[in-house]
Amino acid sequence: MLLTLLNVASNVTSKINIETVLDKLVSWGIETGKDIIGAILIYVIGRFIIKQIIKLVNKILVRRKLEISVQTFLKSLISITLNLILAFAIIARLGVETTSFAALLASAGVAIGMALSGNLSNFAGGLIILVFKPFKVGDYIDGPDASGTVKEIQIFHTILATVDNKIIYVPNGMMSSNVVVNYSKQETRRAEWVIGVEYGEDFEKVKAVIERLLNEDERILKNPAPFIALGALSASSVDIKVRAWASTANYWDVYFDFNKKVYDTFNKEGIGFPFPQLTVHQAND
């Protein structure tokens, strides 16, 4: 009889323990589900608010008529800051203590600083580019290991589009601490040609033809005046150096068009182009 009572009591206790565990699991699941659903709602609503803020900031920057490079940098900075705030809000909703999380980040500050040292230098480089303006959006530049038209200046990178339509991301730290050639900074550029003619050609005649071609092209500036001189007496040619100024926007059109005009006109005028020659002297027996 006593043994039977003990078995019954054990079964009741087991049922009570199982029910308690199940109740705790259900309660934990409900609370966790609420936290997860809350985190998802925070993410969705937060992303919507961030997009609206970015749109509003964009309208304000356009209305203020700030440079495109400044606009892209500020939008990139604001976007990263808002997304970090959203991430902290989601972490907090999931039940992670933000103070503990911040303390963990602080304790790992040295390691994080070393890992982010490159990005910090890129951020500083972006600020230097915006303040000193060695280039802006729309300029064609030669940067460290990359050339192209500047499309955006972001918080960490400068985006270049090459002439064959490739997109290159160059770290701002490299752009601010290396040599950068800006071909669009000045309104005018000087084009230079070296035109070789055969030995025996009349230099004054060749010079007159070149002057006529330069004067006929309205895109070539008259001030500063074009420069024509006998540059060098090479092994197989007489090299005539020609320099002329044009607007930066017309530079390449002027350069290539003048090459074609020289070729066509010299052929019509009977001015010979040189080709490699080798003089052989035969020794007498």
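Q: Is Asp217 buried or exposed?
A: This is a predicted model, where local features need pLDDT of at least 70, side-chain atom pairs count only at pLDDT 80 or more, and totals for chains, interfaces and linings use all residues. Residues are numbered from 1 along each chain as its sequence is written, and side-chain values use heavy atoms, without hydrogens and water. Buried means under 20% relative accessible area, exposed over 50%, and partly exposed in between (1.4 Å probe, protein chains only). Asp217 has a relative accessible area of 5%, so Asp217 is buried.

Q: Which residue forms a salt bridge with Asp217?
A: A salt bridge is a side-chain nitrogen of Lys or Arg within 4 Å of a carboxyl oxygen of Asp or Glu. Here the closest N and O atoms are 3.1 Å apart. The partner is partly exposed, at 27% relative accessibility. It is Arg219.

Q: How many residues apart in sequence are the parts that Arg243 and Glu192 tie together?
A: The two side chains meet in a salt bridge (3.1 Å, N to O). Arg243 lies in strand S8 and Glu192 in strand S6 (residues 188-197), strands being DSSP runs of E, at least two residues, numbered from the N terminus. So the pair joins parts whose separation in sequence is 51 residues.

Q: What is the bridge partner of Ala229 in S8?
A: Strands S7 (residues 227-233) and S8 (residues 238-247) run antiparallel, joined by six bridges. Two strands pair if DSSP finds at least two bridges between them. In S8, the partner of Ala229 is Lys241.

Definitions and conventions
Helices (H or I, at least four residues) and strands (E, at least two) are DSSP runs, numbered from the N terminus.
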